[in-house]
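Q: Please take a close look at one helix-packing region here and walk me through it. I'd like the residues tied together rather than listed one by one.

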Amino acid sequence: MKCPFCRSDDTQVIDSRVSEAGDSIRRRRRCPECQKRFTTYETVELRMPQIVKSDGTRVEFVENKLRVSFQRALHKRAVETEAVDAAIQRVIQKLLSLGEREVPSRQIGEMVMEELYKLDKVAYVRFASVYRSFKDVSDFHDVLRTMGAEGRSQESEVRNQESVRSPDKRSAIRE
């Protein structure tokens, strides 16, 4: 780190402290040339990947666009704001964990659909209808049929787990 006073290339760290929030480090430094002291702050810089749109153009990731997508899909649906915020943060974390410099917009759309499916099935269908460019009612039927099949398999799985865990209620009543 260069000294801001004499522009010397070498400075010494005298003291380092982590901020109260834990997201930065404050360092007190001293210049051996001019003996002046100064403070620097070290923080993590996370770079979101660039988004590659379907036409090949590249744009910066904008969290607000992601939020607007969720809000449009969830319009007039009873989903808590905290749940939406958490879903948005999960999408952002997934993007960061990819470690890529560029991510196709299609991949982000799939992440959003996955989160909407967990939050609200109606919002999921709304988003899917625009995202996948549904042409007619049969496209809606296909998605609903898929969701129904998944729902039935999950229900039967829950019932099977419950029957294994709990004894037969009828036999407990007889005793």
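**Where H1 meets H3**

A: Let's start with handedness: helices H1 and H3 make a right-handed crossing. Keep in mind that this is a predicted model. H1 covers residues 63–73, and its axis runs 11 Å from that of H3, at an angle of about 40 degrees. With the oblique class starting at 35 degrees, that angle makes H1 oblique to H3.

Now for the side of H1 that does the touching. Leu-66, Phe-70 and Ala-73 are the H1 residues that meet H3. Across from them, H3 brings Ile-108, Val-112, Glu-115, Leu-116 and Leu-119.

Two of those names, Phe-70 and Leu-119, turn up again once you look at Val-84, which sits in helix H2, residues 81–98. Leaving aside residues up to four places away in sequence, Val-84 touches Phe-70, Leu-74, Val-79 and Leu-119. That puts Val-84 of H2 in contact with Phe-70 and Leu-119, which also belong to the H1–H3 meeting. Val-84 has 12% relative accessibility, so it counts as buried, the cut-off being under 20%. Leu-116 from the H3 side is worth a glance too: Val-84 and Leu-116 are separated by 32 residues in sequence, with 8.9 Å between their C-alpha atoms.

Just past the end of H3 comes Asp-120, in the loop between H3 (105–119) and helix H4 (121–131). Is Asp-120 buried or exposed? Its relative accessible area is 10%, so Asp-120 is buried. The side chain of Asp-120 has a partner in that of Arg-77, with a polar contact of 3.0 Å joining the two. Beyond residues up to four places away, Asp-120 touches Leu-74 and Val-79 as well as Arg-77. Leu-74 and Val-79 are on Val-84's contact list too, which ties the loop residue Asp-120 back to the H2 residue we just visited.

Zooming out, how does this fit into the chain as a whole? The protein chain has 6 helices and 6 strands, running β-β-β-β-β-α-α-β-α-α-α-α along the sequence. Of its 175 residues, 25% count as buried, and Val-84 and Asp-120 both fall on the buried side. Among contacts between residues at least 6 apart in sequence, 41% join residues at least 24 apart. As for the outside, the accessible surface comes to about 12,900 Å², with 49% of it belonging to carbon and sulfur atoms.

How values were computed: Residues are numbered from 1 along each chain as its sequence is written. This is a predicted model: local features need pLDDT of at least 70, side-chain atom pairs count only at pLDDT 80 or more; totals for chains, interfaces and linings use all residues. Side-chain values use heavy atoms; hydrogens and water are left out. Helices (H or I, at least four residues) and strands (E, at least two) are DSSP runs, numbered from the N terminus. Buried means under 20% relative accessible area, exposed over 50%, partly exposed in between (1.4 Å probe, protein chains only). Contact means heavy atoms within 4.5 Å. Accessible areas come from the Shrake-Rupley method with a 1.4 Å probe; for residues, only the protein chains shown count as cover. A polar contact is a pair of N or O atoms within 3.5 Å; within protein, one must be able to donate a hydrogen and the other to accept it, and residues adjacent in sequence count only if both atoms are side-chain atoms. Axes are lines fitted to C-alpha atoms, for helices over the stretch in contact, and angles run from 0 to 180 degrees between N-to-C directions. Angles under 35 degrees count as roughly parallel, over 145 as roughly antiparallel, 65 to 115 as roughly perpendicular and the rest as oblique. A crossing is left-handed if the near helix is turned anticlockwise from the far one by less than a right angle, and right-handed if clockwise.
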